[in-house]
Amino acid sequence: THFGFRDVPVAEKQKLVGEVFSSVAGNYDLMNDLMSLGVHRVWKRYFVGTCQVKRGDRVLDLAGGTGDIAALLHERVGATGHIVLGDINGEMLKVGRDRLTDRGIVAGIEFAECNAEKLPFPDASFDLVTIAFGLRNVTDKDAALREMRRVLKVGGQARVLEFSSVTADWFKPIYDFHSFNILPKLGKLFANDADSYQYLAESIRKHPPQDELKTMMEAAGFARCGYKNLSAGIVAIHTGYKV
Ligand code: SAM
């Protein structure tokens, strides 16, 4: 692919990931619906619906992109709550701000162009930190997890929604075919961008599976770490607490 993701140095990778998201920003929602047949909406709703959060809480949604999670979180923290939508990519943030404004969500929400590996917030700033379909794009995942813990208040929860490792053997070949054949073709057809979607499929394959990510969260200092598979492990929700 012209992005040439294999064996590139770290700084280079970060730039290339940036290009992918700038390139898909406009078609992002449509592609999510096509690729997951709309199921990503169910995953996101379940993810936010089961977070430890209450009215008036301060929440950070990292890699918040087009604002799906922030919109759902807004329902949970209410008018007295506060949400910070952080993303490394200015284009994605712009799309996110537009989408949220369209849905009438303006008050109590703030946008921060930031790298999850090095957050521009003081320690103990948030009751909940979420990252949905974002961690696998982060170069230094351990640093990002440590930062998520640092900015949490004691008692606060960190939650990761991410593609994971499919648990049912019979489903694996079907899933692989979808990822490496159908997905890049959809990308070509609807976004004229097969390479970006090829990259996304590869990044899903390279992301640490359930137990490995759980261990990484423990290493980052989180307590009571655990995960829950959704849709046979196509995605998993990881949870950890700052104690
Ligand atoms: N959370 C949204 C959702 O679920 O629809 C967006 C997910 S999108 C697949 C991944 C996002 O991660 C992109 O918006 C990208 O810009 C962002 N991203 C990638 N690397 C990042 C980093 N190091 N720090 C913060 N955001 C990052």
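This note covers the overall build of a predicted model and then two of the positions that UniProt marks as a binding site.

1. Overall content. The protein contains nine helices and seven strands. Along the principal axes, its C-alpha atoms occupy a box of roughly 45 × 40 × 35 Å.

2. Compactness. The radius of gyration is 17 Å, which agrees with the value near 18 Å that a compact globule of 243 residues would have. Of the 243 residues, 40% are buried. Among contacts with a separation of 6 or more, 69% join residues 24 or more positions apart.

3. Annotated site. An unreviewed UniProt entry places the feature "binding site" at Thr66, Asp87, Asn115 and Ala116. The annotation comes from that record and may be inferred rather than shown by experiment. The next two points take up Thr66 and Asp87.

4. Thr66. This residue sits in the loop that runs between strand S1 (58–62) and helix H4 (68–77). Thr66 counts as buried because it has 23 C-beta neighbours inside 10 Å, and the cut-off is 20 or more. Apart from neighbours within four places in sequence, Thr66 is in contact with Tyr28, Asp29, Met92, Val95, Gly96 and Arg99.

5. Asp87. Strand S2, residues 82–87, holds Asp87. Asp87 has 26 C-beta neighbours inside 10 Å and therefore counts as buried. Once neighbours within four places in sequence are left aside, the contacts of Asp87 are Ala63, Gly64, Gly65, Met92, Leu93, Gly96 and Glu113.

6. Shared contacts. Met92 and Gly96 are in contact with Thr66 and also with Asp87.

Definitions and conventions:
Residues are numbered from 1 along each chain as its sequence is written. This is a predicted model: local features need pLDDT of at least 70, side-chain atom pairs count only at pLDDT 80 or more; totals for chains, interfaces and linings use all residues. Helices (H or I, at least four residues) and strands (E, at least two) are DSSP runs, numbered from the N terminus. A residue is buried if 20 or more other C-beta atoms lie within 10 Å of its own, exposed if 12 or fewer, and partly exposed in between; C-beta atoms are placed from the backbone. Two residues are in contact if their C-beta atoms, placed from the backbone, lie within 7 Å. The radius of gyration is taken over C-alpha atoms; the globule rule is 2.2 Å times the number of residues to the power 0.38.
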